[in-house]
Amino acid sequence: MKGSNKKVCVILVNYNGLSDTLECIQSLCNSTVKADIIVVDNASEVDECRLINENYAVISLRSDKNLGFAGGNNLGLEYAVRNHYEYVILLNNDTVVADDLIEVLISRCDEGTVTTPTIYYEDGKSVWSAGGYINKFTGAARNIQTGYQYSKEPVYCSFASGCCICAKISTIKKVGFLDESFFMYCEDADYCIKLFNKGIRILYLPEAQLIHKVSKSTGGSNSSFCNYYLTRNRLRNIKQNPDYFCFTALPVTLLEKIIRMIQFCINGKDWKSICDGIYDFIHNIYGRSDKY
C-alpha cells in the first residue's frame, strides 16, 4: 500500500484551533500513504487558513460563518466530490495520527464498507473509541472504551465516531452528506443509521490508531454547550429515524435527561442547558442556536 496512487483526501474542520490543527497536519505529513489535506475554517476569529498555508501546502476553504461540525465537513465533502477523490477521511483537527492510519483505513474500505480506527485519549494508553454501538432501545450512541470488552481484531459495529471515519466517495454520493440541522453532536449517529439503511457496514480496525484531545474545542463533555446539543440532538435523532429505534427510545431519553437536569440542579450545575435542549426539540427548533 505504501506509495499508493489512490486519490485520498482528509478533511479537517478548524474553529479557533490553530495549534491543534497544525499538530494534526504535521502528523498527517508523515503518513505512509499521502493524502491531500482539506482544511475548512469555520469562521475563526482570525483567518487561520492563511496562517496554516504559511506552514503547509493544504487546500483551504474558509466559511464566513460557523457551520458547525456537520456543515464544516459538508463544505469539505462538496469539494472532495467535485474534485473526484476516491477516498475521504473525516478527521477531528484535535488529533495526532499514526503514520500508517490512512494506509490501514483505506485497505479495508470499499463500496459496502466504511472504516474507523482505535482512538486513544491524549495519554496514548486509554481507549476512547474502539468502534461503538447504537442502542435501539435507549437511543444512545456509545463508543466502546477502556473498561469495556473491546475487540483486538477487526469487527463490524453499528456506530463510528465522527472523530475519524473513512469512506469511498461513491459511498458519500450514495448516502448523501451530514445533516446540518444537528450543528454539533449526534450527526455521526444519524449518518451511521443512513449507512445501515443503504446496506453499508462499519468496520472497526484496531490496528489503525490515533490520539484525540477529547472535547477540547467545546469546553469539555459537561459544558453547557455539550449538554444542550447532546440533549436536543439525541432526541432529534430518535424522532427522525423511527424505523430504526424501538418505541422505548424517546421516553427513555427524556426520562434520562430530566433526571440529569434534576441532579444538576441539586448540585448547583447548569441544568438550564438540558432544559433548553428538551424545549427546542419539542418546539422543533433546529439549525444553530445562538444560546450556546
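Start by selecting K7 and Y85: in this predicted model, K7 sits over the face of the Y85 ring, 4.7 Å from the ring centre. Keep that view in mind and pick R201 with Y156. Here R201 lies over the ring face of Y156, with 3.8 Å to the ring centre.

Now for rings against rings. There are six aromatic pairs to hunt for, taking ring centres within 6.5 Å as the cut-off. Select Y185 and F225 next. Their centres are 6.4 Å apart and the planes make an angle of 70°, an edge-to-face pair. The angle is over 60 degrees, which is why the pair gets that label.

Where do Y185 and F225 sit along the chain? Colour by secondary structure and you'll find Y185 in the loop between α5 (169-175) and α6 (187-197), while F225 belongs to helix α7 (residues 224-240). The pair therefore ties together parts that are 40 residues apart in sequence.

Switch on a surface and check these two again: buried or exposed? Y185 is buried, at 19% relative accessible area, and F225 is buried too, at 17%. Both values fall under the 20% cut-off, so both residues count as buried.

Next stop, Y228 and Y229. The ring centres are 4.8 Å apart and the planes stand at 80°, so this pair is edge-to-face. Y228 and Y229 are both buried.

To finish, add F183 to the selection and show the side chains of F183, Y185, F225, Y228 and Y229 together: ring pairs link these residues into a cluster.

How values were computed. Residues numbered from 1 in each chain as written. Heavy atoms only, no water. Phe/Tyr/Trp six-rings, centres within 6.5 Å; stacked < 30°, edge-to-face > 60°. Helix = DSSP H or I, 4+ residues; strand = E, 2+ residues; numbered from the N terminus. Buried < 20%, exposed > 50% of the residue type's maximum accessible area, 1.4 Å probe, protein only. Lys NZ or Arg CZ within 6 Å of the ring centre and 35° of its normal.
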